[in-house]
Amino acid sequence: MTNSKWHVGMRNVKTTLAVAICIIVYWYVDRPGGLILACIAAIVSMQSTIEEAMSESVKRIAGTLFGGILGAVLVSINSVHTGRIINLLAAALGTMLIIFLCNLLGYPQIISMSLVVFLIVVFDPSLTHPFSYAMNRVLDSGIGIAISVVINLIIRKPKPIEAAPPIAPAEAAEQAEIAQQQPPD
């Protein structure tokens, strides 16, 4: 690592390349609105370690899927009622339900993404098919994530989180023997 403030690091280069490849892919794929979602997913999933990159990728896909499905269900149930108060209550209860369910299921890390997608599905008046939107959003995020992961693996792989070096059996036995000889506190 260099101390120069003008240094351009590998994560910068890889993120820029991921965005550029997303743009090129979407030149040839007719998916209106998908480009920005793929680019955002590529940016978010580009992390310092493979473990962090995979964790961010899973959170993004899971949160998108969860929020999209719950938003689509709510829109389907609420499609007959279009009053502002009903929409307000439905959105507030949906927000509460997502936070509750994510915590209950042990996935608090997907709350933010779930809520973002949920609110887009619930309040975007241009969405005529909320289930389709949710699935397309998962697909576009998946494309961006796939591009990011491939670049991460090909170009100077990020370092894995370092584990403690393994202890040789003889060394482990010696450490255990020393520990037994020490008086208890």
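A nonpolar core here is a set of buried Ala, Val, Leu, Ile, Met, Phe, Trp, Tyr and Cys residues joined through side-chain atoms within 4.5 Å, and buried means under 20% relative accessible area, with a 1.4 Å probe and protein chains only. Hi everyone, let's use that on this one.

A word on the source: this is a predicted model, where local features need pLDDT of at least 70 and side-chain atom pairs count only at pLDDT 80 or more, while totals for chains, interfaces and linings use all residues. Residues are numbered from 1 along each chain as its sequence is written, and side-chain values use heavy atoms, leaving out hydrogens and water.

So, which residues form the largest nonpolar core? There are 10: Leu70, Leu74, Ala90, Ile98, Cys102, Ile110, Ile111, Leu115, Phe118 and Val122. Helices α3 (50-77), α4 and α5 each supply at least two of them, and α5 gives the most, with four. Helices are DSSP runs of H or I, at least four residues, numbered from the N terminus. A second, separate core has nine residues, among them Cys22, Ala38, Cys39 and Ile151.

Now the helix pairs. Helix α4 (residues 84-104) packs with helix α5 (residues 111-123) at about 155°, their axes 10 Å apart. Axes are lines fitted to C-alpha atoms over the stretch in contact, and angles run from 0 to 180 degrees between N-to-C directions. The angle makes α4 roughly antiparallel to α5, a label for angles over 145 degrees. On the α4 side the contact (heavy atoms within 4.5 Å) includes Ala90, Gly94 and Ile98, and on the α5 side Leu115 and Phe118. By class, that contact has 10 nonpolar, five polar and no charged residues; Gly counts as polar, and Asp, Glu, Lys and Arg as charged.

Next, α5 with α6. Their axes come within 10 Å and cross at roughly 140°. Met113, Val116, Val117, Ile120 and Val121 of α5 meet Pro130, Tyr133 and Arg137 of α6. That gives seven nonpolar, no polar and one charged.

Last, helix α2 (residues 34-45) and helix α6 (residues 130-154): how do they cross? The axes come within 7 Å, at roughly 40°, and the two helices are therefore oblique to each other; oblique covers angles outside under 35, 65 to 115 and over 145 degrees. Among the residues in contact are Gly34, Ala38 and Ala41 in α2, and Ser141, Gly144 and Ser148 in α6. The classes here are five nonpolar, six polar and two charged.

Thanks for listening!

Terms used: Buried means under 20% relative accessible area, exposed over 50%, partly exposed in between (1.4 Å probe, protein chains only).
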